[in-house]
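Colleague: I would like a close look at the aromatic side chains here, and at the nonpolar packing that goes with them.

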Amino acid sequence: MPANKNAVTRYFILDKLLANRYHHYSTEDLLRLVNEQLAEMDQEPVSRRTIELDLNYLQEAPFYADIESYQIDDISQRTLKTIKKSCHRYADPSYSIFKKEMTEDEKYLLHEALSLLGQFDGLPNLEGLERLRKGLNVKTDRQIVSFTKNPLENSNMLGELFTRIAQRQVVELHYHRFDVPDEDRKTVVHPYLLKEYNRRWYLIGAADNDRKILSFALDRIDKVVPLPAKEYIPYDGDLNERFEDIIGVSLYDDRPLQTILFWVSDYSKEYVATKPLHDSQRHYKGEKETALRQQYPMLEGGYFFSIECIENYELIRELSSFGKDLLVLSPTDLQQKVRVRVAAQFQAYQTL
């Protein structure tokens, strides 16, 4: 066994890479990826010779890993010509040098978790979960938790994208717009997150050309083409933080965070109080409420609220959805946009 302090760390990293069936790793690729992860842990980089010795050691006692070598056609970055690239992987993708028997407590906890997950509809193409549940003889006699779902026309799309994100794989998306359904559009994306909003699933990822964060409704994606030879660039930071200041999924880097003040009638005030429009929602009481009632004497009863949000389409739609039971008081430009939307709806009804 190589006598250095980060050997076990390297084995752990190599174990995951060798089991990956979504990328092709040469010795140089393994060296680069191992050193990248070692650097993140403030550990010293290793040489190519060390990786070669590690691969040989994993095939000996006590692991006896069956590591196969194979070749693929690749494009040389220097000459731009097709070359043969020698790669390494486990012959059995389910193999791991760190596998061990579960304790009875671990089995019990896994049974409970799978029993709960088995009640969650809307995650297609995750056959591994179903096989594991059956293999452990986990049964769900009755449904306890029920979620509203919006079935996708392509039932495998959610599972397909889930896999690509989990495997950190760049994809080429073929999609269409609702207003031009026959026009095939495509773009290369680094996928990061699957997000559900208003009974529709969205893929959040970065465009390959300019790293701009984009969102794609899954029911507009026609095909997902994996690009295993293309290097995946992870998101720098916590992507979920980008959604903390908005309602929905439409992100705009050039729009400011605003304090939005609105009034809700007696009919809807408890609904809005118990189901906030946004996590930042604040219900004004005491002196602040008294000042607002003096400022808006025409508003009888109801509650005054505010939220901290960046303006987008979903925000305007949400504020407009309550009709006369929710009135935007400030800022005035957002108030006007809601007013125009509601007036257009009223005008459309006038034509019936």
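Colleague: How many aromatic pairs does the structure hold?

Modeller: Bearing in mind that this is a predicted model, the structure holds 12 aromatic pairs. One of them joins Tyr303 and Phe305 in an edge-to-face arrangement, with 6.0 Å from centre to centre and 70° between the planes. Both partners count as buried because each falls under the 20% cut-off in relative accessible area, with Tyr303 at 18% and Phe305 at 1%. Elsewhere, Tyr11, Tyr57 and Phe63 form one aromatic cluster.

Two rings also have a charged partner: Arg89 lies over the face of Tyr70, 4.2 Å from the ring centre, while the charged end of Arg255 sits over the ring of Tyr252 at 3.8 Å from its centre.

As for the nonpolar packing, the largest nonpolar core has 34 residues, and Phe243, Ile260, Phe262, Leu277, Leu315, Leu319 and Leu326 are those with the most contacts inside it. Several elements each supply at least two residues of this core, including strand 8 (257-264), helix 9 (313-320) and helix 10 (332-350), but the largest share, 5 residues, comes from strand 10, which spans 303-310. Taking Leu315 as an example, and leaving aside its neighbours within four places in sequence, one finds Leu315 in contact with Ile247, Ile260, Ile307, Cys309, Ile310 and Leu334. Apart from this core lies another, of 21 residues, with Leu14, Leu17, Leu33 and Ile67 among them.

Notes:
Residues numbered from 1 in each chain as written. Predicted model: local features only at pLDDT ≥ 70, side-chain atom pairs only at ≥ 80, totals over all residues. Heavy atoms only, no water. Core = buried A, V, L, I, M, F, W, Y, C linked by side-chain atoms within 4.5 Å. Buried < 20%, exposed > 50% of the residue type's maximum accessible area, 1.4 Å probe, protein only. Helix = DSSP H or I, 4+ residues; strand = E, 2+ residues; numbered from the N terminus. Contact = heavy atoms within 4.5 Å. Phe/Tyr/Trp six-rings, centres within 6.5 Å; stacked < 30°, edge-to-face > 60°. Lys NZ or Arg CZ within 6 Å of the ring centre and 35° of its normal.
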